[in-house]
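Q: Please take a close look at one part of this model and how the rest of the chain packs around it. A plain, connected account will do.

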Amino acid sequence: MLRFVFVLIFTITLGYISEAQNFGYTNTQEIISQMPEMQEANSQIEVLKNMFSKKGQEMVQSLRTKYQDLQKKQASGEIAPATLEKEGAALKAEEEKIVEFEQTSQQKIYEKSEELMRPIQDKVNKAIKDVAAEHGYLYIFDTAQGIVIYADPASDVTKLIKGKLGIKI
């Protein structure tokens with residue numbers, strides 16, 4: 001008799017739990033790529049990349065010209081060996097500055113990208129939480145993160161989130 005009661009309670013509880021859980025999934029990368037804010041952020045990053053690229057190319061061209069001038073002076077015998085060594089060391093230092101500039105540029109681009117992406121991510125996360133609350137989802141998985149192996153298309157909440165963000169479906 002006690003065993004029967006335990007099985008009955010377990011079955012009722014399991015049925016209640018499975019009915020109460022509502023799961024959904026979305027693809028945040030798809031959503032983010034369609035947001036106007038993302039297009040603006042990409043535009044700003046592209047401008048920054050182009051600015052750094054142009055400056056880097058100017059630095060490289062200047063260094064190349066200085067190397068060529070030094071080689072001409074050496075070939076024509078216009079420069080003393082001590083002076084050649086001194087100017088060569090200065091060019092080597094300038095070359096190191098270019099490498100440092102490239103590294104710093106990449107870091108600045110990364111930081112700017114993170115700065116611009118943070119509010120976009122926050123906005124999407126808020127929309128996901130709002131959709132979950134409004135439609136009773138306990139969990140919403142992100143297929144962009146590769147954590148969903150199978151999902152029923154009826155559980156896809158991407159359209160609801162896009163609607164919450166004002167993105168045309």
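The part in question is helix H3, which is followed by Gly77, a residue with a positive phi near 75°. What does H3 pack against?

A: The model is predicted, and what follows should be read as computed from it.

H3 covers residues 36-76. Its 41 residues should span 60 Å at 1.5 Å a residue, and the end C-alpha atoms are 60 Å apart, so the expected and modelled lengths agree. After the helix comes Gly77, with its positive phi near 75°.

The buried residues of H3 are Met38, Ala41, Ile45, Leu48, Phe52, Gly56, Leu63 and Leu70. These residues pack against H2 and H4. As background, an α-helix has 3.6 residues a turn, so residues three or four places apart point the same way.

The partner helix H4 runs over residues 81-135. Its 55 residues should span 81 Å at 1.5 Å a residue, and its end C-alpha atoms are 80 Å apart, which agrees. H4 nevertheless bends by about 30° at Met117, and Pro119 follows within four residues. H4 is followed by Gly136, whose phi is positive, near 75°.

One link between H3 and H4 is aromatic. Phe52 and Phe101 form an edge-to-face pair, with 6.0 Å centre to centre and 70° between the planes. Phe52 lies in H3 and Phe101 in H4, so the pair ties together parts that are 49 residues apart in sequence. Both Phe52 and Phe101 are buried. A contrasting pair is Tyr139 and Phe141: the ring centres are 6.3 Å apart and the planes at 20°, so this pair is stacked. Tyr139 is partly exposed, with a relative accessible area of 43%, and Phe141 is partly exposed as well, at 31%. Ring pairs also join Phe23 to Tyr139 and Phe141 in a cluster.

Ahead of H3, Met35 sits in the loop between H2 (28-33) and H3. Met35 counts as buried because its relative accessibility is 1%, the cut-off being under 20%. Leaving out residues up to four places away in sequence, Met35 touches Ile120, Lys123, Val124, Leu165 and Ile167. Met35 and Ile120 are 85 residues apart in sequence, yet their C-alpha atoms are 8.4 Å apart in space.

Met35 also belongs to the largest nonpolar core, which has 23 residues. The residues with the most contacts inside this core are Ile31, Ile32, Met35, Ile120, Val124, Ile161 and Leu165. H2, H3, H4 and H5 each supply at least two of its residues, and the largest share, ten residues, comes from H4. Ile161 touches Thr26, Ile31, Ala127, Ile128 and Val131, again not counting residues up to four places away in sequence. A second, separate core of five residues includes Leu63, Leu70, Ile79 and Ile98; Leu63 and Leu70 are among the buried residues of H3. In general, nonpolar side chains in soluble globular proteins tend to be buried together.

The remaining helix to place is H5, residues 158-165, in which Thr158 lies. Thr158 counts as buried because its relative accessibility is 5%. Outside its sequence neighbours up to four places away, Thr158 touches Tyr25, Thr26, Asn27, Glu30 and Ile31.

To return to H3: its buried residues pack against H2 and H4, and the Phe52 and Phe101 pair is edge-to-face.

Methods:
Residues numbered from 1 in each chain as written. Heavy atoms only, no water. Expected span 1.5 Å × (residues − 1). Bend = angle between axes of the 7 residues up to and from the residue. Phe/Tyr/Trp six-rings, centres within 6.5 Å; stacked < 30°, edge-to-face > 60°. Buried < 20%, exposed > 50% of the residue type's maximum accessible area, 1.4 Å probe, protein only. Contact = heavy atoms within 4.5 Å. Core = buried A, V, L, I, M, F, W, Y, C linked by side-chain atoms within 4.5 Å.
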